[in-house]
Number of protein chains: 2
Amino acid sequence: MFKLSKKTEYALMALQHIASLDKGQVATAKEIAENKLIPHSLLAKILQQLTRHQLILSLQGAHGGYALGRKAEEITLAQMIEAIEGPIHIIECNESRYSCQRDDFCTLKNSLNPLQKQLTSYLHSVTLADVAAS
Amino acid sequence: MFKLSKKTEYALMALQHIASLDKGQVATAKEIAENKLIPHSLLAKILQQLTRHQLILSLQGAHGGYALGRKAEEITLAQMIEAIEGPIHIIECNESRYSCQRDDFCTLKNSLNPLQKQLTSYLHSVTLADVAAS
DNA sequence: ACAAAATAAGACTAAATTAGTCCGATATAA
DNA sequence: TTATATCGGACTAATTTAGTCTTATTTTGT
C-alpha cells in the first residue's frame, strides 16, 4: 500500500498536539491519547520512538511528559515519517542492503528514481510548523 | 509502509516489457515471467487485473498473449499503480467510505492534503512512455 | 473432432507486516 | 514512600501481501 501506517498518523497527531503547547509546558501520553482518541499504550510506544529520534524530548517521573525537541520549523515531515517507518523507499530495491537477482537487467529502479526524488524532496521541505498550521 | 507492493513492481515490469513489443506482437505471461523472474501464476493474476482496467488487452487461446491497450503516452503511472493497489490515498481518512470518530477535531487530513495533491498530480503526469524510456 | 497453448476466475495457503496489549523496571515530584 | 510518568521488551491478534492451485474457457492448428 502506498499509505502511511496508523502509527505514523498517530505520531503526526501527537506532534501536532505537542507543537501546540505553550513554552515550558509538557503533555503526557495519557493526555494526548485521550485528546486524540489513540490507544494509550500504543501511543506510549510511538512517543518513545519519537524521543529516540530526538524529535521530542521526554521528562520522566511525576509531572513528566513530552515537549518538542526543537523548533517546529526545524522538524521536517520526512523526519517525522522516517522516525516511525524507517527510511522512505518507494520500491524495495532502493533499500541500502537489498540485493536482487534482477540487478543486471531490471530498470525499474531507474525508471522510478524521479518519483523517489520528487517525493523525498517534498517531504524534506514541509515542516511540523506547516503541518500544525492547518 | 510508504512503498509500492511487489505486485505493483511486477505490474510495472510487465508493462515495460509489453511496451517494448513491436506493433502487432503480443507477449505471453510465461514469456514475461521468465524474462523478468516473476512467479508465473502471480503474474498471470496481475496481467488479468491490468486487462480488466484496460491498460493492456488480452488475446485468448493459442498464440494469445498481451499487448498495450492504448499508446504508452496515454497510460499514466497513476493508472498503473491504481489498477493494482486501488485508489491512492496517503492516509486512511482520505478514502471515500471512511468514517472516523475523530472527524470533528482531527486536522490531519487537511494538513496532509498538499502532500496528497502533490503526489497524485505527479503520478498523473508521468506515463508508461517515460517509465519505459529508462 | 481433438489436442495444445493460452487466458480467466476464484478459492486457498503461507508469510510478513501492522496494530495493539501487557508487564516489570526506572525516574521524579510531592 | 507513594503516585505518576516514561522506558523497554515480549507477546498476541488482525490485516495485508505474496504466492499457489485448480478448473473452466478460448483459440489455433492438425
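Over all chains of this predicted model, the count comes to 1 aromatic pair. The two partners are A:Phe2 and B:Phe2, whose rings are stacked, with 5.1 Å from centre to centre and 20 degrees between the planes. The pair crosses between chains: A:Phe2 belongs to the segment before H1 of chain A, and B:Phe2 belongs to the segment before H1 of chain B.

The stacked rings lead on to the rest of the protein interface. Here, 38 residues of chain B are in contact with 38 residues of chain A. About 3800 Å² of area is buried between chain B and chain A, and carbon and sulfur atoms give 61% of that area. Charged partners can be found here too, as the count between the two chains is 4 salt bridges. For a reader who would like to find a salt bridge in the structure, the side chains of B:Lys6 and A:Glu92 meet in one, at 3.7 Å from N to O. Polar contacts also cross the interface of chain B and chain A, where 20 residue pairs are found, both residues being at pLDDT 80 or more. On the side of chain B that touches chain A, the elements giving two or more residues are H1, helix H2 (29-36), helix H4 (77-85) and helix H5 (108-125) of chain B. The most comes from H5(B), with 10 residues. Sorted by class, this side of chain B has 21 nonpolar, 9 polar and 8 charged residues.

Next come the two DNA strands, beginning with strand D. Of the 25 residues around DNA strand D, the nearest are A:Met1, A:Lys45, A:Ser58, B:Lys6 and B:Gln60. Among the atoms of DNA strand D that come within 4 Å of the protein, sugar and phosphate account for 70%. Individual contacts show how different parts of the strand are approached. At a phosphate oxygen of DNA strand D, an N or O atom in the side chain of B:Tyr10 is 3.2 Å away. At a sugar or linking oxygen, a polar side-chain atom of B:Gln60 lies at 2.9 Å. At a base oxygen, the partner is a polar backbone atom of B:Ala62, 3.1 Å away. Two or more residues of the surface near DNA strand D come from each of helix H3 (40-52), strand S1 (56-59) and strand S2 (65-68) of chain A, and from each of helix H1 (6-19) and helix H3 (40-52) of chain B. H3(A) gives the most to this surface, with 4 residues. The residues near DNA strand D divide into 9 nonpolar, 12 polar and 4 charged.

DNA strand C can be explored along similar lines. It is surrounded by 24 residues, of which A:Lys6, A:Gln60, B:Met1, B:Lys45 and B:Ser58 are the closest. Sugar and phosphate make up 68% of the atoms of DNA strand C that come within 4 Å of the protein. A polar backbone atom of A:Lys6 is 2.8 Å from a phosphate oxygen of DNA strand C, while a backbone N or O atom of B:Gly61 lies 3.4 Å from a sugar or linking oxygen. A base nitrogen of the strand is 3.5 Å from an N or O atom in the side chain of B:Gln48. At least two residues of the surface near DNA strand C are supplied by each of helix H1 (6-19) and H3 of chain A, and by each of H3, strand S1 (56-59) and strand S2 (65-68) of chain B. By class, the residues of this surface are 9 nonpolar, 11 polar and 4 charged.

Definitions and conventions. Residues numbered from 1 in each chain as written. Chains lettered and ligands numbered in written order. Heavy atoms only, no water. Near = heavy atom within 4 Å. Polar contact = N/O pair within 3.5 Å; in protein donor to acceptor, adjacent residues only side chain to side chain. Nonpolar A, V, L, I, M, F, W, Y, C, P; charged D, E, K, R; others polar. Contact = heavy atoms within 4.5 Å. Buried area = accessible area lost by both parts, 1.4 Å probe. Phe/Tyr/Trp six-rings, centres within 6.5 Å; stacked < 30°, edge-to-face > 60°.
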